[in-house]
Amino acid sequence: MRKGNTASDANEANGTCAPGKVGANMADAAVSSGAANVASSADAEGPSSPTGVSVPGNIARAYEALDSFWREQNQLYRDVATSFGISESASSILYAIFLAGEKGISQRDICMQMCIGKQTVNSSIHKLEREGVVVLESGPGRRGLLSHLTPVGLELAERTIVPMIEAELAALREFDDKELELVLLLGRRYTDALRSHFADIPGVLLTSQNNKAALLNGEAALRGVEAAAQGDASTPRNDGAAKRGGEGKGAPPGGCLSSPNKKVR
């Protein structure tokens, strides 16, 4: 999914964003790779950064390209949601619930996986509940209420979310195994470097979710994408992947990989 917040929710998100979908991260990693090989003049001074500090030309180009790709990818997901007649936030929430399968998903996890603010998730969930798309059920232990798709919600997800996932996987298949490994490796390195430098900013506290869990998730994503590229039928899938229709509350079709947000998403 997109890396950043939805447009309606940019000022409200709490910043506890998990890494974005593999499709979104791939472009970033590819640009990072390309920027590293753009020219031999890596140390040549380029334009000033937004802060006014002069930076090497290849760094300036990478900075601008990453920002451009991030915005373009967000707009792609926004266009898809609009074409299906649903809001951007509803599309992200449906995506997260669909991939959670039978076990359901908490609002907190939706916030973290899809980088959407708590108020937006809460209001959207209750709207979807009133429309018969989502049902809230008590989770095990102290997990509170978990969101599941109703049969109506599953039908909606199969018309909207499944085509999106299939398009994302199709895009990944345009890369060979070595390219996939490279972009995921560079994406991991860039994320780690970004976390390190953000941590150096006085007063900044990074969530623990973006440490060990993110590293493990990234490794799982690499295994899942490699298997997908090779057409491995044994690729790990969502819990409800074997069920369809009304048999499971949020069971995705058998061909879908788990979300890279959960990093099999």
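**Exercise 1. Arg195 and its partners**

At 16% relative accessibility, Arg195 counts as buried. Work out which residues share a salt-bridge network with Arg195 in this predicted model.

*Solution.*
1. Start with the pair itself: the side chains of Asp192 and Arg195 form a salt bridge, with N and O 3.0 Å apart.
2. Next, look at the spacing. The two residues sit 3 apart in helix 7, so about one helical turn separates Asp192 from Arg195.
3. Now compare the surroundings: Asp192 is partly exposed at 31% relative accessible area, whereas Arg195 counts as buried at 16%.
4. Finally, follow the shared partners. Salt bridges link Arg188, Asp192 and Arg195 into one network.

**Exercise 2. Two further salt bridges**

The structure holds 7 salt bridges. Take the one between Arg108 and Asp109 and the one between Lys127 and Glu131, and describe the exposure of each partner.

*Solution.*
1. A reminder to begin with: side chains of opposite charge can pair when their charged atoms come close.
2. For Arg108 and Asp109, the N to O distance is 3.9 Å, and the cut-off is 4 Å, so the pair counts as a salt bridge.
3. Arg108 is exposed, at 57%, while Asp109 is partly exposed, at 21%.
4. For Lys127 and Glu131, the closest N and O atoms are 2.5 Å apart.
5. Here Lys127 has a relative accessibility of 44% and is partly exposed; Glu131 is partly exposed too, at 45%.

**Exercise 3. The cysteines**

Explain why Cys111 and Cys115 are not joined by a disulfide.

*Solution.*
1. Recall that a disulfide is a covalent bond between the sulfur atoms of two cysteines.
2. Check the distance: the cysteine sulfur closest to that of Cys111 belongs to Cys115 and is 9.5 Å away, which is too far for a bond.
3. The count for the structure is 0 disulfides.
4. Then check the exposure of the two residues. Cys111 is buried at 5% relative accessibility, and Cys115 is buried at 4%.
5. Cys115 deserves one more look. Its place is the loop between helix 4 (107-114) and helix 5 (118-130), and its phi is positive, about 60°, although Cys115 is not a glycine.

**Exercise 4. Thr160 inside helix 6**

Which residues does Thr160 touch beyond its neighbours within four places in sequence?

*Solution.*
1. Locate Thr160 in helix 6, which spans residues 151-172.
2. Read off its exposure: a relative accessible area of 1% makes Thr160 buried.
3. Within the helix, a polar side-chain atom of Thr160 lies 2.8 Å from the backbone oxygen of Leu156.
4. Setting aside the sequence neighbours, the contacts of Thr160 are with Phe84 and Ile86.

**Exercise 5. A nonpolar patch**

Find the residues that make up the nonpolar surface patch of about 460 Å².

*Solution.*
1. The members are Tyr190, Leu194, Phe198, Ile201, Val204 and Leu206.
2. Take Tyr190 as a sample member: it lies in helix 7 (residues 177-199) and is partly exposed at 36%. Patch members need over 30%, so Tyr190 passes this test.
3. Ser196 also lies in helix 7, and is partly exposed at 40%. From Ser196 to the patch member Leu206, the C-alpha to C-alpha distance is 9.8 Å, across 10 residues of sequence.

**Exercise 6. The whole chain**

How many helices and strands does the chain have, and in what order do the elements run?

*Solution.*
1. There are 8 helices and 4 strands.
2. Reading from the N terminus, the order is α-β-β-α-α-α-α-β-β-α-α-α.
3. To round off the picture, 44% of the 265 residues count as buried. The accessible surface is about 13500 Å², with 55% belonging to carbon and sulfur atoms.

Notes:
Residues numbered from 1 in each chain as written. Predicted model: local features only at pLDDT ≥ 70, side-chain atom pairs only at ≥ 80, totals over all residues. Heavy atoms only, no water. Patch = residues over 30% accessible without salt bridge, like charges linked within 9 Å, V, L, I, M, F, W, Y side chains within 5 Å. Areas by Shrake-Rupley, 256 points an atom, 1.4 Å probe, with all protein chains shown as cover. Buried < 20%, exposed > 50% of the residue type's maximum accessible area, 1.4 Å probe, protein only. Polar contact = N/O pair within 3.5 Å; in protein donor to acceptor, adjacent residues only side chain to side chain. Contact = heavy atoms within 4.5 Å. Disulfide = S-S within 2.5 Å.
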